[in-house]
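Open the model in your viewer and keep the selection tool at hand. This tour goes stop by stop: select, look, move on.

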Amino acid sequence: MGFCVALAVVFFFSLLAGAGEFRPGEVWCDLDGRPINAHAGGVIFEGGRYYWHGQPMTALPAGSKYPPSAGNLTEVGVNCYSSTNLYDWRYEGVALAVSENPADDLYKGLRIERPKVLRCPRTGKYVMWFHYVRSGKTHAESYEAAVCVADRVTGPFRLVKIFRPNGGQMVRDCTLFQDDDGAAYFFYASENNKTLHVVRLTDDYLDASDRWERILVGDLREAPAVFKYRSRYYMITSGCTGWRHNPASYAVADHPLGPWKKVADPCVGPNATNTFDTQGTFVLPVHGRPGAFIFMADRWNTTNMAGSAHIWLPIQLNQDSSIELRWTNRWDLSVFK
Ligand code: GAL
């Protein structure tokens, strides 16, 4: 009897220990037991909690008029989850809802790709930017940025504008980055994916300023994810092969507007090919731990986009300021010394 109790105690504590870890590639459920559905997203830290915004990928009904690769046509909007420890996520609901009215810009069936949220220090508002494709339009007809604003990080966000910054250049895969001085930057694939652009946002974060640059010119990179460590800016990108995974690459700069210098593929070790079968979306700085950064990526499942896995891996920062990503089946925040 005593032995059974001891076994039960060991089992209970091993369950507890197992709970606080990342398991890349496994189904990751929220606190209600449903798979987290927030793809190509980003995370911000506000008031002691992390908030994760991302695209819900839809399981398209049989006989749907959309091809399987169009699992990102949203009937929902942008999902939001929150967490205090980065392992356990509570569903906060839809932060940006689509409209039921065909006349609206956010009419359901549009594509909301790679949504990212920042808090604007000047206005205290939460601002979301994403790659917008109007309902019923193809990518080629509608490569724009959408800007939304909310009073609370969980929303509801409302649309402010849809536009193409920098003299009407196209906007595709994108991200936001906020610098220590409060300046924010929008990075996006432009010029038919050949060249990335970066533009500094206006002080209210609701528009693009006239300060912008072409970066990694002609390199055909997308899915940019930017972070800063010790005055140096890092950007991890993917190649442009749609939902098919491809090798990552990273670049460094002394300023968000560049010049950016291509360095190498950060993925090393076993199974490093094709970014461990993922495409990056964001680099998450762990709050209160300088030098602790998590690479967030999606493992696209083109036959079931809703079943695409979230893959999070720790970024290893080396003495020579290079970075490395290694596959690990299970890990926790203690890897960051
Ligand atoms: C990927 C891109 C995704 C989405 C997809 C559509 O290359 O990173 O955000 O646009 O193509 O085919």
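**Stop 1: a strand residue**

Keep in mind throughout that this is a predicted model. Select His-197 to begin. This residue sits in strand S12, which spans residues 195-201. Is His-197 buried or exposed? His-197 has a relative accessible area of 0%, so it counts as buried. Now add Cys-174 to the selection. Along the chain, Cys-174 and His-197 are 23 residues apart. Their C-alpha atoms are separated by 9.4 Å.

**Stop 2: the ligand**

Show the ligand and the residues around it. There are eight such residues. Which of them come nearest? They are Glu-113, Arg-114, Asp-173, Glu-222 and Gln-279. Colour the shell by residue class: four residues are charged, three are polar and one is nonpolar.

Next, go through the contacts to oxygen atoms of the ligand. Start with Asp-173. One of its polar side-chain atoms lies 2.5 Å from a ligand oxygen. Move to Gln-279, where a polar side-chain atom is 2.9 Å from an oxygen atom of the ligand. Then pick Gly-242. Here a polar backbone atom is 3.1 Å from a ligand oxygen. How much of the ligand does the protein bury? Taken alone, the ligand exposes 310 Å², and the protein buries 86% of that.

**Stop 3: aromatic rings**

Display the side chains of Phe, Tyr and Trp. The whole structure holds 24 aromatic pairs. Zoom in on Trp-28 and Trp-312. Their rings are 4.8 Å apart, centre to centre. The planes meet at 80°, and the pair is edge-to-face. Where in the chain do the two partners lie? Trp-28 belongs to the loop between helix H1 (2-19) and strand S1 (39-46). Trp-312 belongs to strand S20, residues 309-317. The pair thus links distant parts of the chain, with the two positions 284 residues apart.

Check the accessibility of each partner. Trp-28 has 16% relative accessibility, under the 20% cut-off, so it counts as buried. Trp-312 is also buried, at 2%.

Now select Trp-331 and Phe-336. Why is this pair called edge-to-face? The ring planes stand at 85°, and the centres are 5.9 Å apart, so the pair is edge-to-face. Trp-331 is buried, with a relative accessible area of 4%. Phe-336 is buried at 11%.

Widen the selection to see how these rings connect. Ring pairs join Trp-28, Trp-312, Trp-331 and Phe-336 into a cluster that also includes Phe-22, Trp-52, Tyr-81, Tyr-87, Trp-89 and Tyr-91.

For another ring, go to Phe-163. Lys-161 lies over its face, 4.1 Å from the ring centre.

**Stop 4: two polar side chains**

Select Asn-37, in the loop between H1 and S1. Asn-37 counts as buried, at 17% relative accessibility. What does its side chain reach? A polar atom of the Asn-37 side chain lies 2.8 Å from the backbone nitrogen of Met-57.

Then jump to Thr-237, in strand S15 (residues 232-239). Its relative accessibility is 4%, and it counts as buried. Add Arg-221 to the view: the side chains of Thr-237 and Arg-221 make a polar contact at 2.9 Å.

**Stop 5: backbone exceptions**

Hide the side chains and follow the backbone. Most peptide bonds are trans, and most residues other than glycine have a negative phi. The next selections depart from that pattern.

Select Gly-155 and Pro-156. The peptide bond between them is cis, with omega near 5°. Pro-156 is in the loop between strand S8 (144-150) and strand S9 (158-163). Now select Gly-258 and Pro-259. This peptide bond is cis too, with omega near 5°. Pro-259 lies in the loop between strand S16 (249-253) and strand S17 (261-264).

Turn to phi. Tyr-205 is not a glycine, yet its phi is positive, about 65°. Look for Tyr-205 in the loop between S12 and strand S13 (208-215). It is buried, with a relative accessible area of 2%.

Finish at Asn-271. Its phi is near 65°, again positive in a residue other than glycine. Asn-271 lies in the loop between S17 and helix H3 (274-277). Is Asn-271 buried or exposed? Its relative accessible area is 58%, so Asn-271 is exposed.

Conventions:
Residues are numbered from 1 along each chain as its sequence is written. This is a predicted model: local features need pLDDT of at least 70, side-chain atom pairs count only at pLDDT 80 or more; totals for chains, interfaces and linings use all residues. Side-chain values use heavy atoms; hydrogens and water are left out. Rings of Phe, Tyr and Trp (its six-membered ring) pair if their centres lie within 6.5 Å; planes under 30 degrees apart count as stacked, over 60 as edge-to-face and the rest as tilted. Helices (H or I, at least four residues) and strands (E, at least two) are DSSP runs, numbered from the N terminus. Buried means under 20% relative accessible area, exposed over 50%, partly exposed in between (1.4 Å probe, protein chains only). A charge sits over a ring if NZ of Lys or CZ of Arg is within 6 Å of the ring centre and within 35 degrees of the ring normal. A residue is near a molecule or strand if one of its heavy atoms lies within 4 Å of it. A polar contact is a pair of N or O atoms within 3.5 Å; within protein, one must be able to donate a hydrogen and the other to accept it, and residues adjacent in sequence count only if both atoms are side-chain atoms. Accessible areas come from the Shrake-Rupley method with a 1.4 Å probe; for residues, only the protein chains shown count as cover. Ala, Val, Leu, Ile, Met, Phe, Trp, Tyr, Cys and Pro count as nonpolar, Asp, Glu, Lys and Arg as charged, and the others, Gly among them, as polar.
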